[in-house]
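Dear colleague,

Please find the structure below, followed by some notes on how its helices pack.

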Amino acid sequence: MPSPTPGSDLDDRGDRGPVDTVPRERTRPAGVAGRRFTLLRDYGILLSLLAMVVALSLSTDTFLTAGNLVNLLDQAVVVGLLACGATLCIIAGVFDLSMSAVLAVSAIVAVLVTTEAGVTLGVLAALGTGAVLGACNGIVVMTARVHSFIATLAASIVYRGLAVIITGGAIVYPAAGQLAAFQSLSWPTVLGGVTASSLLFLLVAAVCWVLLSGTTYGRRIYAVGGNEEAARLSGVRVGLIRVSVFVLSGICAALAGLVLASRGGSAQASMGTLLELTAIAAAVVGGTSVRGGEGAIWRGMIGVLILTLIGNGFNLLGWDTTYKQVVEGLLILGAVSMDQVLRRRRT
């Protein structure tokens, strides 16, 4: 039995009871033109990634080496974790511009608690901090009815200020005897030298993927982002869903903060500045619509890989990295423009 689409539930059921809704991701226009449209929408970004891989493989001797591939994955970890949270938020119809500030506060809390109570409690405190700050974002957005873009931008300033107050503007370190355990996320594993943080990233991406594409909760995220009013009339608790995605975004930011703090063996208030923009860019480049209701975790991860490949390609080819930002900016502009073109064609 096919699942209903957002907005059609009320018409079909005639009541306001909880219903399952299906993401636009799965809608299929009819006919040959529709199939071509669907293929372009779903797999165009994957073809772009493959083209970049082939081009770099043919133009350099070092791209396909194990060391470079391990390094490539390691470089994608922090932005990838943030992109998981960004993708969930954008699909739900909100933006989280406080992710890098949450990252910094969580990392600082991790170091301070580790110093007093050990690494395990430090990690748990960081995750709790990310969840609480994410919940604060969601509650403010839903209760004050302030656009998430503005609310989380203001929140990021508050959180950065909080990080400066906590640290006094200084760099904080775990105790010398705790440093090795604190940096365990940056250690290579027996899996070909892939770091523990890379495995953590892949695990988080897999969990978010299953959560978004295989659960009722995920379907309601799509419904809320696709048509808020229809979702509300269908019995979906819009406010709760959006607060929850902010909480998940905060936890992803905290994990990214733990990775950065683990690599450097320290934390400071300026950590990860503006990384939230790169994460949002990765989600958009991957095909997640900035208008909400469309996208997928795998697409966000493809976007992360493409942005990482651009940086890796500039380094391997010896190109001036000054132009890297220009390329990334044009890529983001192209992705947003393509999103608009596809939307117009669909309507």
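H4 passes H11 in a right-handed crossing (the near helix is turned clockwise from the far one by less than a right angle), where helices are DSSP runs of H or I with at least four residues, numbered from the N terminus. This is a predicted model, in which local features need pLDDT of at least 70 and side-chain atom pairs pLDDT 80 or more, while totals for chains, interfaces and linings use all residues. Residues are numbered from 1 along each chain as its sequence is written, and side-chain values use heavy atoms, without hydrogens and water.

The axes of H4 and H11 come within 7 Å and cross at roughly 55 degrees, these axes being lines fitted to C-alpha atoms over the stretch in contact, with angles from 0 to 180 degrees between N-to-C directions. H4 and H11 are therefore oblique to each other (that is, not under 35, over 145 or from 65 to 115 degrees). Among the residues that meet (heavy atoms within 4.5 Å) are Leu103 and Ala107 in H4 and Gly250 and Ala254 in H11.

Helix H3 (residues 66-91) and helix H13 (residues 297-317) pack with their axes 8 Å apart, at an angle of about 140 degrees, and are therefore oblique to each other as well; H3 passes H13 in a right-handed crossing.

Helix H5 (residues 119-144) has buried residues that include Gly122, Leu133 and Met142 (buried meaning under 20% relative accessible area with a 1.4 Å probe, protein chains only), and what covers the buried residues of H5 includes H4, H6 and H11. After H5 comes Arg145, whose phi is positive, near 55 degrees.

Best regards

Methods:
Buried means under 20% relative accessible area, exposed over 50%, partly exposed in between (1.4 Å probe, protein chains only). Helices (H or I, at least four residues) and strands (E, at least two) are DSSP runs, numbered from the N terminus.
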